[in-house]
Amino acid sequence: MADFQRARSDAAKQQREAAILAAARELGARDQIRRVTLTDIANAVGMHKSAMLRYFETRELIFLRLTAEGWREWSIALRADLDALANASADDVAAAFARTLAARGMFCDLLAQAPLNLERNVSVDAVRAFKLVTHAELDAIVAAVRRLLPRLTESDGVDLVAAATALAGAMWQIATPGEELAELYRDDPRLAHAVVELRPRLERLLTAQLEGVLLHR
């Protein structure tokens, strides 16, 4: 395994960090976040683990950075879909949320891991930086939704995003069992309820939430 020389400039440090994040992104998408270790990432980059700790003090910090990146990317894609709608219904908005989240499996995985693990093994400053990113994207998404459904309050919009991201994170875990569990579910009809299709179920639940809120506005 090649040992990277320590970065001597800001540009070199940014290159090292980008390489580490890219390796973690690839491993996370392939193997699921909870299975990826710091050693796995170091090996993929071609660094000793001790050297990589100069750039990221924990694996959780690496994946928290990727979660923030995922929020930005999802927000851009979702708002583009919402902006393309005209005379949108609750179902149209819910469909855009479900479609854009279901297309981003690793982001859904990260959404589940962030509050359970990632935020719990990093510095307070790292959590603050992450929350500021999510807060900015949340505001942008809520504004886009309220342009289409003006009867929604800001709190309604925040609740919608909270429900969408929480459900997507949880249901993605259920929808992607390991091979042994997937075979069990296929072979035993009594366990068919354990098989979840993320996009249609998420769309149904978000539509029901929006229609219920609008009914009382």
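**Pockets and aromatic pairs in an all-helix chain**

The second largest pocket of this predicted model is lined by L21, L61, L64, R65, L66, A68, E69, R72, A126, A129, F130 and V133. Two elements, α4 and α7, each give two or more residues to this lining. The greatest contribution is that of α4, with seven residues. Sorted by class, the lining of the second largest pocket holds nine nonpolar residues and three charged ones, and no polar residue. The volume of the second largest pocket is about 190 Å³.

The chain in which this pocket is found contains ten helices and zero strands. Read from the N terminus, the order of elements is accordingly α-α-α-α-α-α-α-α-α-α. The C-alpha trace spans about 60 × 45 × 30 Å along its principal axes. Of the 217 residues in the chain, 46% are buried. Contacts between residues at least 6 apart in sequence were also examined, and 72% of them join residues at least 24 apart.

The largest pocket has a volume of about 330 Å³. Its lining consists of 20 residues, and W71, L111, K131, T134 and T165 are the closest to the pocket centre. The elements that supply two or more lining residues are α4, α6, α7 (124-148) and α8 (154-175). Among these, α8 provides the largest share, namely seven residues. By class, 13 of the residues that line the largest pocket are nonpolar, five are polar and two are charged.

One of the residues closest to the centre of the largest pocket is T134, which is placed in helix α7. The relative accessible area of T134 is 12%; because a residue under 20% counts as buried, T134 is assigned to the buried class. The side chain of T134 comes to 2.9 Å from the backbone oxygen of K131. K131 is likewise listed among the residues closest to the centre of the largest pocket.

Aromatic side chains were considered next. A pair of aromatic rings is described by the distance of the centres and the angle of the planes. Four aromatic pairs are present in the structure. In one of them, the ring centres of W74 and F97 are 6.0 Å apart and the planes stand at 70°, so the arrangement is edge-to-face. This pair links distant parts of the chain, since W74 belongs to helix α4 (residues 59-83) and F97 to helix α5 (residues 90-102), with their positions 23 residues apart in sequence. Both W74 and F97 are buried.

W74 also pairs with F107, and here the rings are tilted, with 5.9 Å from centre to centre and 40° between the planes. Because W74 lies in helix α4 and F107 in helix α6 (residues 105-116), the pair ties together parts of the chain that are 33 residues apart in sequence. W74 has a relative accessible area of 0% and is therefore buried. F107, at 5% relative accessibility, counts as buried as well. Together, W71, W74, F97 and F107 make up one aromatic cluster. W71 thus connects two parts of this description, as a member of the aromatic cluster and as one of the residues closest to the centre of the largest pocket.

Two loop residues complete the description. L118 is located in the loop between α6 and α7. Its relative accessibility is 1%, so L118 counts as buried. When residues up to four places away in sequence are left aside, L118 touches E60, F63, L64, T67, L110 and Q113. L64, one of these contacts, is also among the residues that line the second largest pocket. Between the C-alpha atoms of L118 and R30, which are 88 residues apart along the chain, the separation is 19 Å.

Y55 is placed in the loop between α3 (49-52) and α4. With a relative accessible area of 11%, Y55 is buried. Y55 and I76 are 21 residues apart in sequence, and their C-alpha atoms are 28 Å apart in space.

Methods
Residues are numbered from 1 along each chain as its sequence is written. This is a predicted model: local features need pLDDT of at least 70, side-chain atom pairs count only at pLDDT 80 or more; totals for chains, interfaces and linings use all residues. Side-chain values use heavy atoms; hydrogens and water are left out. Rings of Phe, Tyr and Trp (its six-membered ring) pair if their centres lie within 6.5 Å; planes under 30 degrees apart count as stacked, over 60 as edge-to-face and the rest as tilted. Helices (H or I, at least four residues) and strands (E, at least two) are DSSP runs, numbered from the N terminus. Buried means under 20% relative accessible area, exposed over 50%, partly exposed in between (1.4 Å probe, protein chains only). On a 1 Å grid over the protein atoms alone, a cavity is a set of points where a 1.4 Å probe fits but cannot get out, and a pocket is an open set with protein on both sides within 12 Å along at least five of seven lines; lining residues have an atom within 4 Å of a point. Grid points are joined across faces, edges and corners, and a volume is the space filled by probe spheres set on the points. Ala, Val, Leu, Ile, Met, Phe, Trp, Tyr, Cys and Pro count as nonpolar, Asp, Glu, Lys and Arg as charged, and the others, Gly among them, as polar. A polar contact is a pair of N or O atoms within 3.5 Å; within protein, one must be able to donate a hydrogen and the other to accept it, and residues adjacent in sequence count only if both atoms are side-chain atoms. Contact means heavy atoms within 4.5 Å.
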